[in-house]
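I set out to record what I looked up in this structure, entry by entry.

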Amino acid sequence: MTHTTTRRIFIARGVAGSCALLATSMGAQAAPSRAEEGDETALALGYKHDTNKVDAKRFPNHTAAQKCSNCSFYQGAATDDWAGCAMFGRKHIAGQGWCSAWAKKPG
Ligand code: SF4
């Protein structure tokens, strides 16, 4: 193996390693964590992943038609299963979920 060939292999391995690192970091950014119903914010807001499981005694004005996907704070498309919400920082919440900050999306 010549010196030039060895150098080419070294450079190719470096590029491949960099690509793998970049793909890994991009993958981590593409999958934000999901809110848990037991999270401090979720408990304070009465958040549930499923709007049908909201505590009716605690939230008597809630209706099953109220969902994150039709809330003005939902940051995804209405058809997205999970998306961001202004109330939950970087965590995603369920499109079929609900919390007491629900506000009808205009339109
Ligand atoms: Fe869902 Fe709206 Fe509550 Fe966010 S503010 S968790 S989108 S109901």
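The entries below cover the ligand site, the nonpolar core and one loop residue.

**Entry 1, the model.** I noted at the outset that this is a predicted model.

**Entry 2, the ligand site.** I looked up where the ligand lies and found that the space it takes is the largest cavity. I then listed the residues around the ligand: Tyr47, Cys68, Cys71, Phe73, Tyr74, Cys85, Met87, Phe88, Ile93, Cys99, Ala101 and Trp102. Sorted by character, the shell holds twelve nonpolar residues, with no polar and no charged ones.

**Entry 3, the nonpolar core.** I next looked up the largest nonpolar core, which has twelve residues in all: Ala35, Ala42, Leu45, Tyr47, Cys68, Tyr74, Ala83, Cys85, Phe88, Ile93, Ala94 and Cys99. At least two residues of this core come from helix 2, and at least two from strand 2 (92–94). In soluble globular proteins, nonpolar side chains tend to be buried together.

**Entry 4, Tyr47.** I singled out Tyr47, which is listed around the ligand and also belongs to the largest nonpolar core. Beyond residues up to four places away in sequence, Tyr47 touches Glu37, Ala42, Cys68, Trp82, Phe88, Ile93, Ala94, Gly97, Trp98 and Cys99.

**Entry 5, Ala64.** I located Ala64 in the loop between helix 2 (40–45) and strand 1 (82–84). Why does Ala64 count as partly exposed? I classed Ala64 this way because its relative accessibility is 42%, which lies between the 20% limit for buried and the 50% limit for exposed. With neighbours within four places in sequence left aside, Ala64 is in contact with Thr51 and Asn52. I also recorded that Lys53, eleven residues from Ala64 in sequence, is 8.9 Å from Ala64, C-alpha to C-alpha.

How values were computed
Residues numbered from 1 in each chain as written. Predicted model: local features only at pLDDT ≥ 70, side-chain atom pairs only at ≥ 80, totals over all residues. Heavy atoms only, no water. Near = heavy atom within 4 Å. 1 Å grid on protein atoms, 1.4 Å probe; cavity = no way out; pocket = protein on both sides within 12 Å on 5 of 7 lines; lining within 4 Å. Sits in = over half its atoms within 2 Å of the grid points. Nonpolar A, V, L, I, M, F, W, Y, C, P; charged D, E, K, R; others polar. Helix = DSSP H or I, 4+ residues; strand = E, 2+ residues; numbered from the N terminus. Buried < 20%, exposed > 50% of the residue type's maximum accessible area, 1.4 Å probe, protein only. Contact = heavy atoms within 4.5 Å. Core = buried A, V, L, I, M, F, W, Y, C linked by side-chain atoms within 4.5 Å.
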